[in-house]
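Biologist: Please take a close look at one part of this model for me, namely where nonpolar side chains are found at the surface, and then connect that part with what lies around and beneath it.

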Amino acid sequence: MEKVKKISVTGEGDILSPFNYIKRIFEFRNVLPFLANLSGALVALIILGFLLTLGAKSLEFAKNAGVANILRTTWNPIAEEFGGLPFIATTVLVSIIALGISVPFTLSVSIFIAEWKRKNMFFDVFNTALDLLSAIPSVVYGFWALFVLTPFIRILQLKLGYPPYGVGVLTAALVLAIMIIPFSVGISREVLKLVSSDIKEAGFSLGATEFEVTRVVTLPLAKQGIIAGFILALGRALGETMAVTMVIGNFNAFPKNLFSPSNTIASLIANQFNEAWGNHQSALILLGFLLFLITLIINLLGGVILRGAKHEL
Amino acid sequence: MNYRTRRTINRVYKIVLYCLSIFTVLPLIFILLYLLKLGFSAINFDIITKVSRPVGEPGGALNSIVGTIILSTLAVLIASPLSILSGILISEYPQNPLSKILEIWVKLISGIPSIVIGIVTYLWLVKPVGRYSALAGSISLAIMMIPNMVTSTAETMKMIPKEIREASLALGANYGQTMLKILIPVSLPGIISGLLTGVGRIAGETAPLLFTAFGNPYLSLNILKPMNTLSLLIYNYALSPYKEWHRIAWGAALILIFLAFTLNIISRRAIKRWTT
Amino acid sequence: MDNVILKIRNLNFYYQNHKVLHSINLDIPENNITAIMGPSGCGKSTLLRTINRMHELTHGTTVEGEILLKNLNIMDIPAEELRTRIGMVFQKPNPFPHMSIYDNVIAGYILRGIKLHKNQKDEIVENALKSVGLWEEVKDKLFKRGTFLSGGQQQRLCIARALAMKPDIILLDEPTSSLDPLATSVIEELLVKLKKDVTILVVTHNIAQASRISDYVAFLYLGELLEFGLSEKVFTTPKNAKTEEFLSGKFG
């Protein structure tokens, strides 16, 4: 019986010679779990190391200069003054203005895509155009804004009696708005498509027009998901660096009005990190850490709401 | 409200909707037209054969093109094995505590601002060595790619119906054979599209490179030394006061956009072809 | 009684602490169609999956007793080897989505890394497809994806895939439950035709189907084998009261 068993085997490792034994250890099915665990551990380690590095360096600033120092309003590294409030304020301000500008456009585009019944060439071109908008690198947006948008803003500033910088908070917000529209459209388009056509047809069968169905049925049902899309877009805008750096004007103070030049956290780091050392550098790192935490919270919030919304639909 | 008013409102609503929608893609058309107009005049033999030169001398973008290719390739080589294997870990060994941790952590850092990645890579690989390097640049780009690639791999593999896996095992294949010949090929379109999307994002990325790859006016193939990329060239030249440099930057932007669009279109085609 | 190819002896099956099968004893006759019937949740599929050790893929399962394939304990045969000898067809057609029809038929060989000559491959594919009556329908599109076929065709492709390994037995787990009546009758005719080459074990909750195609029938109820015998006998004069109830459509 014993012998019969062995002969019946495929021949794969039935006689365990040392060579076969080693061969079996290195077989793909045995190596794969090991490799997967190794890579997983490495990725986890990178993420952990990432957080620890940021945290440790930020603590360094707290130890050397005192964490209260970052909560001041003057930024003058030469005098060891590291007030970060203007940058935090500008970051939030620019992002919120950008989001505000983007809302009507995002809404119309996503409704347009979700409700457009004929899937013709125009529709395809339109969809592709949106995807391509999101594929343009940030630095190219910045470059374009610097040469095309700023002259317009300059004209506007002259007409309104402001100094014609061209660059500033509004310019940055405009280019940011253009950049986040495709992103939030991507999310709300998906959510709107989840609203079942049955329920919309129920609306039409009661004699409602498209406007009424959208306003009374579709939008209320998809509201949560669309809001999540806006929150996630805000998270994106907060951390956006290159385009903002190129058109915000690099000025280290609170913006006095919409046209003033200023700096966001990201653009401040981009402008100064290479020349910074000592406390100046760790102040920038601390601000980076803050930016990271803010975007993390916003993204978590958006993610949770989005998941809930998709679950409900 | 009578029927006619309601219909008028509906018509106005539709017109507003269409106008706003079309208005949204206008920037794309503007950007493209502007780029084509200025970029094409800059694309000539010089831009692909000459390296950066001081103002007044005819220069090109050869060093940046080479740099973008090297940095992106290196980033892909670092990121893809790590991400694909980690994705397999998450989808295939859900009981594993590491896989649970990873699934959450990866989602947490996927929206992280790229400039912050630049800072950390600088602290890890530039400050201790005392020199900017292309390697540090590509590692920062790899860190940018990893979270999304892990998620897209894990999600595609989780979507494979249980029956497909069982069919393979019922034919007498072992787990390794099933993985190599069924699970990975079936999820390949998802993995590849995740990869291409990632490449499209990092190829034009600038922020994390400011403090890592730094930029280099000379043609350098040494990954332990600073290197220029198209995105760094655009940033530096755009902020310069020289017309000639602006022209080269437009050319570089056109090349970069062409690259990004091609990757984007290929990845969407790939998904479409494989899923139908 | 025909030659017995598969003997099941005192088979107990546990899922975690829950006993799913209670000491099953069953002799499967060679070159016949045996149908396993019973209301849903009675353990039919579990029994089937134990025979080619597919149950090992589920965590928390324990098996007691033995199953003998040609007098050889299946636990002594490596699972991979066993599964080529006992093929399986699933409820939902599941051709490999990334493979052509041709590759799907020889998937077993491709998967196990067995190199075949072009002629050998062609022969296997042609024979397998002919025996499931799919050859005429697909011979011009052998290199297209298997997923373009209709549901019934896909299921026949999956049967061909199992047959290509030249198994002793094929197990079918409600193979027609996701198909339309026409495709179902095609598959049923096919099974009757195939039994001269291969032993067929089919799980079904469709009584009419069992009576149409099976030579032997086993009735499983709450994890126990209540009745087993020649189909004509069981269907006309069931010994067990529960079997009679089931056959007269009183439950499930």
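Modeller: A nonpolar patch, as the word is used here, is made of residues with over 30% relative accessible area and no salt bridge, whose nonpolar side chains are joined within 5 Å. Keep in mind throughout that this is a predicted model, so every value below is computed from it. With that in place, the part to look at is the patch formed on the surface by A:Tyr21, A:Ile22, A:Ile25 and A:Phe26, which together have about 460 Å² of accessible area. One of these residues, A:Ile22, is found in helix α2 of chain A, which covers residues 18-25. A:Ile22 is partly exposed because its relative accessible area is 48%, a value between the 20% below which a residue is called buried and the 50% above which it is called exposed.

To place the patch in its chain, it helps to turn to the domains. Chain A is divided into domain 1, residues 2-65, and domain 2, residues 68-312, and the centres of these two domains, taken over C-alpha atoms, are separated by 41 Å. Where the two domains of chain A meet, eight residues of domain 1 are in contact with 10 residues of domain 2. Chain B is also divided, into domain 1 (3-42) and domain 2 (47-275), with 32 Å between the centres; here 10 residues of domain 1 touch eight residues of domain 2.

The patch can be set against the interior. In soluble globular proteins, nonpolar side chains tend to be buried together. In this model the largest nonpolar core has 158 residues, and those with the most contacts inside it are A:Ile136, A:Val140, A:Tyr141 and B:Ile115. Helix α7 of chain A, residues 169-194, gives the largest share of this core, 14 residues. A second core, separate from the largest one, has 95 residues, among them C:Ala35, C:Ile74, C:Ile86 and C:Leu111. Returning to A:Ile136, and leaving aside its neighbours within four places in sequence, you can find it in contact with A:Tyr141 in its own chain and with B:Leu28, B:Ile31, B:Ile257 and B:Phe261 in chain B.

A further place where chains A and B touch is at B:Gly204, in the loop between α8 (175-203) and α9 (230-238) of chain B. Not counting residues up to four places away in sequence, B:Gly204 touches A:Pro137 and A:Val139 as well as B:Ser231 and B:Leu256. Although B:Gly204 and B:Ser231 are 27 residues apart in sequence, their C-alpha atoms are 5.6 Å apart in space. B:Gly204 counts as buried because its relative accessible area is 5%. The loop between α8 and α9 of chain B also holds B:Phe214, which is partly exposed because its relative accessible area is 36%, and whose phi is near 70 degrees, a positive value in a residue other than glycine.

For a last comparison, look at chain C, where C:Glu174 is found in the loop between β7 (169-173) and α8 (181-194). C:Glu174 has a positive phi of about 40 degrees although it is not a glycine, and it is buried, with a relative accessible area of 10%.

Definitions and conventions
Residues numbered from 1 in each chain as written. Chains lettered and ligands numbered in written order. Predicted model: local features only at pLDDT ≥ 70, side-chain atom pairs only at ≥ 80, totals over all residues. Heavy atoms only, no water. Core = buried A, V, L, I, M, F, W, Y, C linked by side-chain atoms within 4.5 Å. Buried < 20%, exposed > 50% of the residue type's maximum accessible area, 1.4 Å probe, protein only. Helix = DSSP H or I, 4+ residues; strand = E, 2+ residues; numbered from the N terminus. Contact = heavy atoms within 4.5 Å. Patch = residues over 30% accessible without salt bridge, like charges linked within 9 Å, V, L, I, M, F, W, Y side chains within 5 Å. Areas by Shrake-Rupley, 256 points an atom, 1.4 Å probe, with all protein chains shown as cover. Salt bridge = Lys/Arg side-chain N within 4 Å of Asp/Glu carboxyl O. Domains from an automatic or database assignment.
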